[in-house]
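Hi,

Here is the structure I said I would pass on. Have a look at it first, and my notes are underneath.

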Amino acid sequence: MRPVWIFKHLQSGVPLITTLKEYRLAWLSKDSIAGLSACIVSIPSVIAYAELVHLPAIAGLYAALAAAIGYALFSSSRHVIAGPDAAIGLLAGSAILPLSGGDPARIVVLAAVLSILSGVVLLLAARLKLGVIADLLSRPVLIGYLNGASLVLIATQLGKMFGIKTEGEEFFEVVFTVIEKLPQTQVPTFVLGVLLVGLLVGLARWLPRIPGALAVCAVAIVATFALDLGSYGIALVGTVPSGIPFLTIPSFHWADIAALAPAAVAIAFLAFSDGILLAQTFAEKNGYEVRPNRELVALGSANILAGVWQGFPVSASQSRTSIVDAVGGKTQVAQLILALGLLVFLFFLTGLIALLPKVALGAILIVTAIGMLEVASLKGLYKIDRVEFGIALGVTLAILIAGVVPGIILGLLLSLISVLVEISRPGDAILRRLVSDGKFHDCRDEDEAESVPGLLVYRLYAPLNFANARHVMTRIRTLVDEADPPVRWLIIDAQAIHDMDVTAAQRFAELHRELADEGVDVKIADAPRPFLEELARVGLSEEIGRRDFFVSVKKAVDAFEQYCAGRNP
């Protein structure tokens, strides 16, 4: 029985086991084609993304291989492909470079530590079942981040395009350096870069089925071989090792952990928010469900494995996932095929990378960054909500001025602050009787509606809690004080108050006693069960009295009108 129990335990923890157990041979051809297609397309991109982290090109292949294996083992998604990503790479590079002192060996260590740390954050979030944390990265913050990161990414690649050396990672510092050194432009490099950018843009527009990055790398390698581009002063990637490194835990200082922690948290937020959105999109398209906490485990495992395999932080890849889906991939076996393809390349074909001009990687990254820009989304925010537009613009400016990591952290803080503001200032309404149907509604100014003298019907569109209790009670107090003629009955339409904490209940009790002393009767209409239970817990149900609770606003208003008729026969 024990081996059976162990197998079942592994099966529940490693979804790939279930996939392989239920696998159909008819799927293998589709998965193989999908995996190989994604592998071929990914190689030029992951090499370019390694440049963002200031690592050798080979590190991109190590990270892609580790991510594919780590993610495939634990993911509940059948289609998502994990690997290096431009936005994640830029975020990682901006955190690592200031700590490295320009030492290439230290950059390798810091990149691995950051990847492991990001993975630990993701696994910890999974352990605490915090799959909902992705919702904290609001759409305006994500738009702001992508725009800021795109502009920084373009700036950091200008040096490769012009064949000049730039310093630092800050947007304005890099731009000013490029402008200052423009007379030093290496003309052959610049001409080749412009031609390759033009090729990428042209392919995307007129031949979108051809992978642009792969085509550019192929053209550039052939040109280097045929024209000896190195003799014109065009920098090449150079010799790269073949094979794969041993799995090792990098040596680190505790000070590195503290310094990299903010970036690790930011990477975890960004990786998971993008990853779960991608997973849910393709799951819905293909008729199955994904488990958010399982995706946290998959991304965490992918990052930890990338770290111990001399890689850098990874995420889910939209472009590679789209390829797998378009070709007809059925399961995570496609990602294992991708990993197999990368192994073959690492052992036998890395010599091709040596002939690749560095400007080709810069061209790929610049066009990638242009594709990341969310200009249309920013315009949409401006039309819909100026506050959210301001948040997006603020995050972009913060990234350009202070850097990528401070910018994304500011974005997370702005998201939390906007949520708190929304909670603390909930919507409400004074209900009036619509002449057309005789019922009480939240009427517009132009609606033909009337108020009942001496009656105030108030509706709150939110639960009551410590954050908004003072505001809501002050608001009700003000409405009662300003009413003309004076209020006899206050009817609270409680249908939307599905929860109330102790602080709010106590404040409500205080308001009830104040109004009762002033001769204002408080009535509760359409109250949900949680609201009634909290009133009972603080002893307010007995104080209000059963006769002051009504099943609907209409019943409460009818009772008021009968009360008035009884007083004025």
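Below is what turned up, going from the cores to the cavity and then to two single residues. Keep in mind that this is a predicted model.

Let's start with the packing. The largest nonpolar core has 125 residues, and the members that touch the most others in it are Leu 61, Leu 91 and Tyr 145. Helix α11, covering residues 254-286, contributes the largest share of this core with 14 residues. There is also a second core, separate from that one, made of 29 residues, with Val 487, Ala 504, Ala 505 and Leu 540 among them.

If you want one residue to click on in the largest core, try Leu 61. Leaving aside residues up to four places away in sequence, Leu 61 is in contact with Ile 43, Val 46 and Ile 47, and also with Leu 342, Phe 345, Leu 346 and Ile 353. Two of those partners, Leu 342 and Phe 345, fall within the 333-348 range of helix α14.

Next, the empty space. How many cavities of 30 Å³ or more does a search of the whole structure find? Just one, and the largest cavity holds about 40 Å³ of space. Its lining is made up of Tyr 458, Leu 460, Leu 464, Val 472, Met 473, Ile 476, Ile 492, Ile 497 and Phe 508. By type, that lining comes out as nine nonpolar residues, with no polar and no charged ones. Strand β7 (455-460) and helix α19 (469-482) each put at least two residues into the lining, and α19 gives the most, with three.

Now for the two single residues, which make a nice pair. Is Phe 348 buried or exposed? Phe 348 has a relative accessible area of 68%, which is over the 50% cut-off, so Phe 348 counts as exposed. This phenylalanine belongs to helix α14 (residues 333-348). Phe 348 also sits 7.9 Å from Gly 243, C-alpha to C-alpha, although the two are 105 residues apart in sequence.

Ser 301, on the other hand, is part of helix α12 (residues 292-308). Its relative accessibility is 15%, and because that is under the 20% limit, Ser 301 counts as buried. What does Ser 301 touch, not counting residues up to four places away in sequence? The contacts are Gly 70, Phe 74 and Leu 123.

That's the lot from my side. Shout if anything is unclear.

Cheers

Technical notes: Residues numbered from 1 in each chain as written. Predicted model: local features only at pLDDT ≥ 70, side-chain atom pairs only at ≥ 80, totals over all residues. Heavy atoms only, no water. Core = buried A, V, L, I, M, F, W, Y, C linked by side-chain atoms within 4.5 Å. Buried < 20%, exposed > 50% of the residue type's maximum accessible area, 1.4 Å probe, protein only. Helix = DSSP H or I, 4+ residues; strand = E, 2+ residues; numbered from the N terminus. Contact = heavy atoms within 4.5 Å. 1 Å grid on protein atoms, 1.4 Å probe; cavity = no way out; pocket = protein on both sides within 12 Å on 5 of 7 lines; lining within 4 Å. Points joined across faces, edges and corners; volume = space filled by probe spheres on them. Nonpolar A, V, L, I, M, F, W, Y, C, P; charged D, E, K, R; others polar.
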